[in-house]
Amino acid sequence: MHAQHTINALLNQLNTVMEGKPDQVRDSVACLIAGGHLLIEDVPGVGKTTLAHALARSFGLQFSRVQFTADLMPSDLTGVSIYDRASEAFAFHPGPIFAQVLLADEINRASPKTQSALLEAMEERQVTAEGRTHSLPAPFFVIATQNPLEQLGTFALPESQLDRFLMRVSLGYPHRAAERLLLAGNGRRATAEALLPVVSHGQLQQLQLLALEIHASDALLDYVQDLVDATRNGQWFVQGLSPRAAIALLRAAKAVALMQGRDYVAPDDVQAILPQVAAHRLVPVGNAGRGAAEQVRAMMHAVPLP
């Protein structure tokens with residue numbers, strides 16, 4: 001009951017900032033409770049950075065924001081070693097990546113070399129600089145925003161890095177009533193920056209442990225495997241989901257079940273989260289005529305429920 005109260009308070013606060021986007025708010029919170037990294041993709045100006053700010057502040061974690069640009073270097077993220085005359089030795093000065101939440105704003109505007117600097121951090125929760133390994137704070141989340149690849153000055157994220165994001169969400173344009181509130185209030189950035197923490201570090205750890213303990217029956221695991229197998233049969237996608245992606249899907253579904261107040265995973269939980277977990281990892285076959293998310297939904301409807 002205590003966990004449900006905490007989750008509801010968190011969702012209510014975020015929904016006051018992201019008016020009319022309850023599904024995207026739910027998915028984002030589920031991603032962080034599942035311990036994963038979040039990619040928010042959409043056209044400029046629809047609230048990607050605002051959502052990232054609101055998440056970081058509501059979880060009460062130390063965070064830093066980096067604006068990714070074409071001239072950003074890997075050392076600008078990870079840090080550098082500077083010679084200290086007093087000690088006659090090099091001292092490592094940590095970069096902005098050493099935070100519990102890293103807001104990587106417009107991540108696909110940086111060069112592939114700089115993008116790859118995040119790979120080790122996202123997977124191993126550590127940074128290797130000049131031959132020495134430095135542990136990152138715990139927990140460590142990357143909340144990244146990116147613009148559509150058709151826009152000028154963008155570099156596509158490599159598949160290996162996309163796979164490190166547990167989930168990708170898209171905000172879309174606001175509906176008319178929500179946009180009227182934005183116009184009347186002159187935007188929502190100030191509201192996001194004024195948010196107070198709703199979840200403490202200890203409460204977040206407790207929620208993550210509770211999510212891991214959510215029960216997944218044999219029939220549910222069969223259903224997850226059926227969905228993963230369908231991505232691999234060549235009918236829907238060029239290449240299928242990896243075992244890491246299958247684990248990510250189950251972790252996200254458990255987080256959704258926890259947010260719904262249940263101690264077991266239902267097929268509805270898997271279906272609610274599958275496009276957000278799988279679409280950025282998959283390329284539809286050439287004759288699909290659909291985008292990746294639409295193709296995932298079509299495949300999902302074709303796979304029988306347990």
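In what order do the strands of the open sheet lie? The legends below take up this question and then turn to other close-up views of the model, which is predicted.

**View 1. The open sheet and its strand order.** The sheet is built from 5 strands, in the order β2-β5-β8-β1-β9. Their pairing is parallel. β2 (63–67) and β9 (165–169) are the edge strands, and each of them pairs on one side only. From one strand to the next, the twist averages 15 degrees.

**View 2. Strands β5 and β8 side by side.** Residues 101–105 make up β5, and residues 141–146 make up β8. The two strands run parallel and are joined by 4 bridges. Leu102 has Val142 in β8 as its bridge partner.

**View 3. Helix α2 across the sheet strands β1, β8 and β9.** Helix α2 covers residues 22–33. The helix lies across β1 (37–41) as well as β8 and β9. Relative to β9, α2 runs at about 175 degrees.

**View 4. The largest cavity and its lining.** The model has 1 cavity of 30 Å³ or more. The volume of the largest cavity is about 40 Å³. Its lining consists of His2, Ala3, Thr6, Gln203, Gln206, Leu207 and Leu210. Two elements, α1 (2–17) and α9 (201–212), each give two or more residues to this lining. The largest share, 4 residues, comes from α9. By residue type, the lining of the largest cavity holds 3 nonpolar and 4 polar residues, and no charged ones.

Technical notes: Residues are numbered from 1 along each chain as its sequence is written. This is a predicted model: local features need pLDDT of at least 70, side-chain atom pairs count only at pLDDT 80 or more; totals for chains, interfaces and linings use all residues. Side-chain values use heavy atoms; hydrogens and water are left out. Two strands pair if DSSP finds at least two bridges between them. Axes are lines fitted to C-alpha atoms, for helices over the stretch in contact, and angles run from 0 to 180 degrees between N-to-C directions. Contact means heavy atoms within 4.5 Å. On a 1 Å grid over the protein atoms alone, a cavity is a set of points where a 1.4 Å probe fits but cannot get out, and a pocket is an open set with protein on both sides within 12 Å along at least five of seven lines; lining residues have an atom within 4 Å of a point. Grid points are joined across faces, edges and corners, and a volume is the space filled by probe spheres set on the points. Ala, Val, Leu, Ile, Met, Phe, Trp, Tyr, Cys and Pro count as nonpolar, Asp, Glu, Lys and Arg as charged, and the others, Gly among them, as polar.
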